[in-house]
Amino acid sequence: MDFGPFAVAIAFWVFVAIATVAGIVAEYKKRQLALEPLRMAIERGQTLDPGIVERLTTSTRDEGINPLALWVGGVITISAGVGVCLLAFFLAHVAPVAFWPVLGGGVVATCIGIGLAIAGRIAQGHKGSRGTPV
């Protein structure tokens, strides 16, 4: 069976699936290791401090969105989009048919970067007005 041009797409989606599953497994193992001292203390019959039990059982993932990370991602994506737009003009001399698709990709990347920058500004304003994680 010959996959031809679909081999790269299949390999990409297989990579995405493997990376996703690996992230889920790593998070599960990290959580399991964090609860292991609690399990061992219960098995030995030791008295447990409620503060320690609550600290071990609560999730630390509620830290909110970092507006600076959105800004940095937006700047990097805008820069990449502008670079791809410039690439379209240089590529047009070699392959004129590729001008519009490459320019379109650059415009899409630039729009995504602008959206990230706007989201960073909104998150910064929301975080500043409430003083709580976004």
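Trp100 is exposed in this predicted model, because its relative accessibility comes to 63%, and a residue passes as exposed when that value is over 50%. Its ring partner Phe99 sits at 13% relative accessibility and therefore counts as buried. The two rings have their centres 4.9 Å apart and their planes at 75°, so Phe99 and Trp100 make an edge-to-face pair. They also have company: Phe89 joins Phe99 and Trp100 in one aromatic cluster.

How many aromatic pairs does a search of the whole structure find? The search finds three. One of them is formed by Phe12 and Trp13, whose ring centres lie 5.0 Å apart with the planes at 75°, so this pair is edge-to-face. Here Phe12 is partly exposed, because its relative accessibility is 47%, while Trp13 is exposed, with a relative accessible area of 57%.

Here are two of the pairs side by side.

| Pair | Distance of ring centres | Angle of planes | Geometry |
|---|---|---|---|
| Phe12 and Trp13 | 5.0 Å | 75° | edge-to-face |
| Phe99 and Trp100 | 4.9 Å | 75° | edge-to-face |

Let us turn to helix 3. This helix covers residues 67-91, and its 25 residues should span 36 Å at 1.5 Å a residue; the end C-alpha atoms are 36 Å apart, which agrees with that expectation. What caps the N-terminal end of helix 3? Asn66 does, with a side-chain oxygen placed 3.2 Å from the backbone nitrogen of Leu68.

Several residues of helix 3 are buried: Pro67, Leu70, Gly74, Gly81, Cys85 and Ala88. A general point helps when you look at such a list: an α-helix has 3.6 residues a turn, so residues three or four places apart point the same way.

Cys85, one of those buried helix 3 residues, leads on to the cysteines. Is Cys85 buried or exposed by its own value? At 15% relative accessibility it counts as buried, because the cut-off for that class is under 20%. The count of disulfides in the structure comes to zero. Cys85 is in none, and the nearest cysteine sulfur to its own, that of Cys111, is 9.0 Å away. Why is there no bond between Cys111 and Cys85? Their sulfurs are 9.0 Å apart, which is too far for a bond, because a disulfide needs the two sulfur atoms within 2.5 Å. Cys111 itself is partly exposed, with a relative accessible area of 48%, whereas Cys85 is buried.

Definitions and conventions
Residues are numbered from 1 along each chain as its sequence is written. This is a predicted model: local features need pLDDT of at least 70, side-chain atom pairs count only at pLDDT 80 or more; totals for chains, interfaces and linings use all residues. Side-chain values use heavy atoms; hydrogens and water are left out. Helices (H or I, at least four residues) and strands (E, at least two) are DSSP runs, numbered from the N terminus. The expected span of a helix is 1.5 Å times one less than its number of residues. Buried means under 20% relative accessible area, exposed over 50%, partly exposed in between (1.4 Å probe, protein chains only). A polar contact is a pair of N or O atoms within 3.5 Å; within protein, one must be able to donate a hydrogen and the other to accept it, and residues adjacent in sequence count only if both atoms are side-chain atoms. Rings of Phe, Tyr and Trp (its six-membered ring) pair if their centres lie within 6.5 Å; planes under 30 degrees apart count as stacked, over 60 as edge-to-face and the rest as tilted.
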